[in-house]
Amino acid sequence: MKFYSTNSPNQLVSSQEALFQSLPADGGLYMPESIPVLPTSFLSDLSGRSLPEIASVLTSLWLGDELTASDIDTLVTRAFPFDTPLVELEADRLYALELFHGPSLAFKDIGARFMAGLMSHYADRLSREIHILVATSGDTGGAVAMGFHNVSGVRVSILYPKGRVSLLQEKQLTTLGGNIQAYEVDGSFDDCQTIVKRAFLDPELSQAYSLSSANSINIFRLIPQSFYYLRAIAQLAKNHLPVAFSVPSGNFGNLSAGVLAWRMGMPAQAFIASTNVNKVVPSYLQTGQYVPMASLATLSNAMDVGNPSNFVRLQHLFSNNTSALSSQVKGYFFTDDETVSEMLLLRDRYNYLACPHTAVGLLGLQSYQQNSVDNCGIALVTAHPAKFSPAVDEILGQTVEVPDRLAILSERQKQVTTIPATFEAFKEVLLQVV
Ligand SMILES: *Cc1c(COP(=O)(O)O)cnc(C)c1O
């Protein structure tokens with residue numbers, strides 16, 4: 001499979017280059033040259049298939065010319081030792097696809113772990129250690145740290161703004177040790193990003209290390225996110241198809257992955273772009289005008305995005321045809337008050353504890369269903385509610401239990417290097433580690 005940049009569609013790169021480059025130098029985004037088609041035999045025999053089984057079939061469609069069947073098997077079994085279960089809230093009508101059963105309790109684990117496994121595969125062949133630099137405001141860093149932990153051939157340096165990530169997030173970044181090194185930067189998230197960007201441009205660092213990024217914009221984080229849409233269908237009775245998928249969205253990677261699966265042949269009645277008041281995409285779907293804005297802070301803060309980075313990809317998936325896009329993707333947005341009411345309603349009516357992002361997704365699905373009776377829908381559950389304590393606990397008036405796999409981190413010792421917010425300081429410590 002080859003990939004093009006959305007800014008220069010005629011120049012193709014290999015999957016290995018798209019993987020390690022993350023971002024094309026021309027400022028575009030990588031997209032596949034062609035979209036593989038799912039065999040009809042696979043679709044008709046999907047029922048009951050596990051996440052690794054589905055991942056294996058799809059990975060061979062994408063990378064079958066580069067990876068052996070045994071490479072693929074190793075990759076998917078290591079990446080997905082957990083499931084993405086479908087939970088019934090209302091029979092035949094309302095389902096929740098839980099994507100938080102991975103180590104960092106959010107759907108970002110799925111993309112990060114697949115990308116980590118793939119990088120490790122190529123690193124083994126390169127016989128040179130890959131050094132990944134990542135700036136994080138919390139969530140992405142946790143998924144990347146846990147995804148790359150103990151992955152051979154790869155070392156990870158994570159920069160985060162001191163005192164500005166939650167305690168649980170900090171534990172994920174700083175307690176793993178081994179090949180994961182955390183740097184606490186005395187500055188903002190923007191400072192962390194600036195340092196990482198400068199590091200990629202520094203000749204001395206590039207000579208010392210094979211630097212790479214685990215940017216959330218990497219196409220190999222997006223592709224694996226399409227796997228769980230098919231896993232959802234594998235858990236649903238066939239007479240419910242095609243279903244509508246509601247996706248709580250910020251940068252629109254998750255929703256783009258669903259559209260990618262649909263382009264490969266997965267049945268889908270519609271995709272619902274559910275957002276908080278950062279409603280650039282729902283507005284675009286209404287008016288046809290794309291107007292980026294400064295982001296507004298909300299309760300569902302992982303979706304506080306005023307200029308979604310995957311919007312260009314979404315357009316490319318519809319060959320830049322706005323009316324095709326707006327007929328398959330429906331947009332709804334919600335305020336924090338509506339989100340809070342929904343969290344309470346989900347608890348009281350369905351005994352279901354949801355994080356604010358998930359509540360926005362369920363609100364979108366219910367709004368969509370009001371206009372089209374007799375349909376079945378699946379809302380994506382993007383994170384475990386405990387990930388957003390104490391805010392969630394306060395709203396619900398109860399303590400949401402932290403799953404054991406994360407609770408154990410709180411006893412571990414924080415290991416971190418504190419640096420001032422300058423590139424020079426980072427470079428100095430990085431060169432000492434050789
Ligand atoms: C990242 C994130 C989102 C937004 O996903 P996008 O792919 O950026 O649209 C939604 N919910 C949670 C919990 C997240 O961490």
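**Reading the sheets, domains and backbone of a predicted model**

Q: In which sense do E5 and E13 pair, and over how many bridges?

A: Strands E5 and E13 pair in the parallel sense, over five bridges. Two strands count as paired if DSSP finds at least two bridges between them. The element names refer to DSSP runs numbered from the N terminus: helices are H or I runs of at least four residues, and strands are E runs of at least two. Within this pairing, Leu97 stands opposite Leu380 in E13. The model is predicted, so to speak of local features requires pLDDT of at least 70 and side-chain atom pairs count only at pLDDT 80 or more, while totals for chains, interfaces and linings use all residues. Residues are numbered from 1 along each chain as its sequence is written, and side-chain values use heavy atoms, with hydrogens and water left out.

Q: What is the order of the six strands in the open sheet, and which strands stand at its edges?

A: The order is E4-E5-E13-E10-E11-E12, and the pairing is mixed. E4 and strand E12 (329-333) have a single partner strand each, so one side of each is left without a neighbour in the sheet. Neighbouring strands of this sheet are turned by 25 degrees against each other on average, direction ignored. For such angles, axes are lines fitted to C-alpha atoms, for helices over the stretch in contact, and values run from 0 to 180 degrees between N-to-C directions. As a general guide, side chains in a regular strand alternate between the two faces of the sheet.

Q: Which helix packs on this sheet, and which helix lies across E11 and E12?

A: Contact here means heavy atoms within 4.5 Å. Helix H11 packs on the sheet and touches E4, E5, E10, strand E11 (270-275) and E13. The direction of H11 makes about 135 degrees with that of E10. Helix H13 (residues 280-287) lies across E11 and E12, and runs at about 125 degrees to E12.

Q: Over how many bridges do E4 and E5 pair, and which residue of their hairpin takes a positive phi?

A: Strand E4 (residues 86-90) and strand E5 (residues 94-98) pair over four bridges in the antiparallel sense. Leu86 has Leu97 in E5 as its bridge partner. The hairpin has three residues between the strands, and Asp92 takes a positive phi near 65 degrees there.

Q: What is the strand order in the open sheet of three strands?

A: The order is E2-E1-E3, with antiparallel pairing. Strand E2 (8-14) and strand E3 (30-32) are the edge strands; each has a single partner strand, so one side of each lacks a neighbour in the sheet. Neighbouring strands of this sheet are turned by 40 degrees against each other on average, direction ignored. Strand E1 (residues 2-5) pairs with E3 over three bridges, and Ser5 stands opposite Tyr30 in E3.

Q: Where do the two domains lie in the sequence, and what area is buried between them?

A: The size of an interface is often given as the accessible area lost when the parts come together. Buried area is here the accessible area (1.4 Å probe) that two parts lose on being put together, summed over both. The domain assignment gives domain 1 (84-106 + 221-396) and domain 2 (109-218 + 411-431); such bounds come from an automatic or database assignment. Their centres, taken over C-alpha atoms, are separated by 28 Å. Between them about 1500 Å² is buried, of which carbon and sulfur atoms give 57%. On the side of domain 1 that touches domain 2, the elements giving two or more residues are helix H10 (219-225) and helix H11 (227-234). H10 provides the largest share, three residues. In contact are 19 residues of domain 1 and 20 residues of domain 2.

Q: Which peptide bond before Pro242 is cis, and where does Phe252 lie?

A: The peptide bond from Leu241 to Pro242 is cis, with omega near -5 degrees. Pro242 lies in the loop between H11 and strand E10 (244-248). Phe252 lies in the loop between E10 and helix H12 (253-263); Phe252 has a positive phi of about 70 degrees although it is not a glycine.
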